[in-house]
Amino acid sequence: MSQELTEDQRAIREMALGFAADALEPKAVEWDEKKHFPVDVLREAAALGMAGIYVAEDVGGSALSRLDAVLIFEALAQGCPTVSAYLSIHNMAASMIDRFGNEEQRQSWLPKLCTMEYLASYCLTEAGAGSDAAALKTRAVLDGDHYVVNGAKQFISGAGASHLYVTMVRTGGDGPGGISTLVIPADSPGLSFGANERKMGWNAQPTRAVLFDDVRVPVANRLGNEGDGFKFAMAGLDGGRINIGACSLGGAQAALDKAVRYMGERKAFNRSLDQFQALQFRVADMATELEAARSLLYRAASKLDAKAPDATTFCAMAKRFATDTGYSVADAALQLHGGYGYLADYGIEKIVRDLRVHQILEGTNEIMRLIVSRSVFSEGNRS
């Protein structure tokens, strides 16, 4: 697929790779150790057009394609998967406002989101509604020209640092038809946050619960109509899934590159490691698996751009395959480093820890299999 990219797409990828090498990779291990969220660096990325990648130009966006976005997140993840993943989430929230918001909402929020003067978080998951997202309980009750929101969201990336929370709430009855989407400012009275979660990876971005206690949100902050929220959330997740797959591929590629360099330097039995055929074959398999995942991911992105009817299925396929492959390749790269791979200084163990969660978020890989299997059996029943 890389040979089929346009000249502009190759330039976009090279720009993102350069930013990753200069601004992310040198500090990635330190940010992880100190649990530092590099907002200043995120705003540098925004200045290069990477905070409103597929937002329209009239509000400061870059108006690029989903394939362009995949190239960017894959490249950024070679510097730091955690930072790239948060930027993906911010873009997903901004895109939802751009696609489903009215003109007043777009003009009010998107210019600041595209510069990252405002950071955004996506709030769907709850303690009792993870994979079964349509079971969410956070409720918004209409009171005049406001909704009164009560409930809690769990595992929210950027919580406590973000300025806007694109939040799925229950305004009607049970099930997906009772869900609406509200954009809730961080300074709303009654909105608070849980403690920063202690996590295996993704330490360079905060993850907290978002708590709503009689939070009054203007009806004017609702995206679309009541009952549209679940549809909006799922539309956002199609893009989020291929983006997180791209982050997995970028992190895994960085791990493979580190392993190849290390194998050329490390000697055993009077030969460098890259001279052992068994290890050569292992690296060949790692590179092949990454390229296969990359091809599927780029195809899914192209289908999403084309609004193909099977785009959701391909996004699920690509997310499952890319995140499983990315983690497997990163883990193999750690093994190729031997004991040194287990040390923080080499940066491999951080990549492994960061990529593990990609198999869980944006819909677990078990849910991705469910989406794909439903499509397969539906096609079979029509034939």
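At the start of helix 4, a side-chain oxygen of Ser65 comes to within 3.4 Å of the backbone nitrogen of Leu67. This report concerns a predicted model, and it treats helix 4 and its surroundings before turning to a loop position elsewhere in the chain.

**Ser65 and the start of helix 4**

Ser65 itself belongs to the loop between helix 3 (39-47) and helix 4. Residues up to four places away in sequence being set aside, Ser65 touches Gln9, Tyr54 and Asp305.

**Helix 4 and its burial**

For the 12 residues of helix 4, a rise of 1.5 Å a residue predicts a span of 16 Å, and the end C-alpha atoms are indeed 16 Å apart, so expectation and model agree. How many of the 12 residues of helix 4 are buried? The count is 12 of the 12, and helix 4 is therefore largely enclosed by the rest of the structure. The buried residues include the charged side chains Arg66, Asp68 and Glu74, along with Leu67, Ile72 and Phe73, among others. Four helices supply the packing partners of these buried residues, as tabulated below.

| Helix packed against by buried residues of helix 4 | Residue range |
|---|---|
| Helix 1 | residues 7-24 |
| Helix 5 | residues 81-100 |
| Helix 7 | residues 229-265 |
| Helix 8 | residues 277-306 |

**The crossing with helix 7**

Helix 4 (residues 66-77) and helix 7 (residues 229-265) have axes that come within 7 Å of each other and cross at roughly 35°. The crossing of this pair is right-handed. On the helix 4 side, the contact is made by Arg66, Ala69, Val70, Phe73, Glu74 and Ala77. Their counterparts in helix 7 are Gly239, Ile242, Asn243, Ala246, Cys247, Leu249, Gly250 and Gly251. By residue class, the contact of helix 4 with helix 7 comprises eight nonpolar, four polar and two charged residues. The two charged residues are Arg66 and Glu74, both of which are also buried.

**Val219**

Val219 is placed in the loop between strand 7 (207-218) and strand 8 (222-223). Is Val219 buried, partly exposed or exposed? Its relative accessibility is 23%, and Val219 therefore counts as partly exposed, since buried residues lie under 20% and exposed ones over 50%. Apart from neighbours within four places in sequence, Val219 is in contact with Leu142, Gly144, Asp145, His146 and Tyr147. Val219 and Ala23 are separated by 196 residues in sequence, and their C-alpha atoms lie 40 Å apart in space.

How values were computed:
Residues are numbered from 1 along each chain as its sequence is written. This is a predicted model: local features need pLDDT of at least 70, side-chain atom pairs count only at pLDDT 80 or more; totals for chains, interfaces and linings use all residues. Side-chain values use heavy atoms; hydrogens and water are left out. Axes are lines fitted to C-alpha atoms, for helices over the stretch in contact, and angles run from 0 to 180 degrees between N-to-C directions. A crossing is left-handed if the near helix is turned anticlockwise from the far one by less than a right angle, and right-handed if clockwise. Contact means heavy atoms within 4.5 Å. The expected span of a helix is 1.5 Å times one less than its number of residues. Buried means under 20% relative accessible area, exposed over 50%, partly exposed in between (1.4 Å probe, protein chains only). A polar contact is a pair of N or O atoms within 3.5 Å; within protein, one must be able to donate a hydrogen and the other to accept it, and residues adjacent in sequence count only if both atoms are side-chain atoms.
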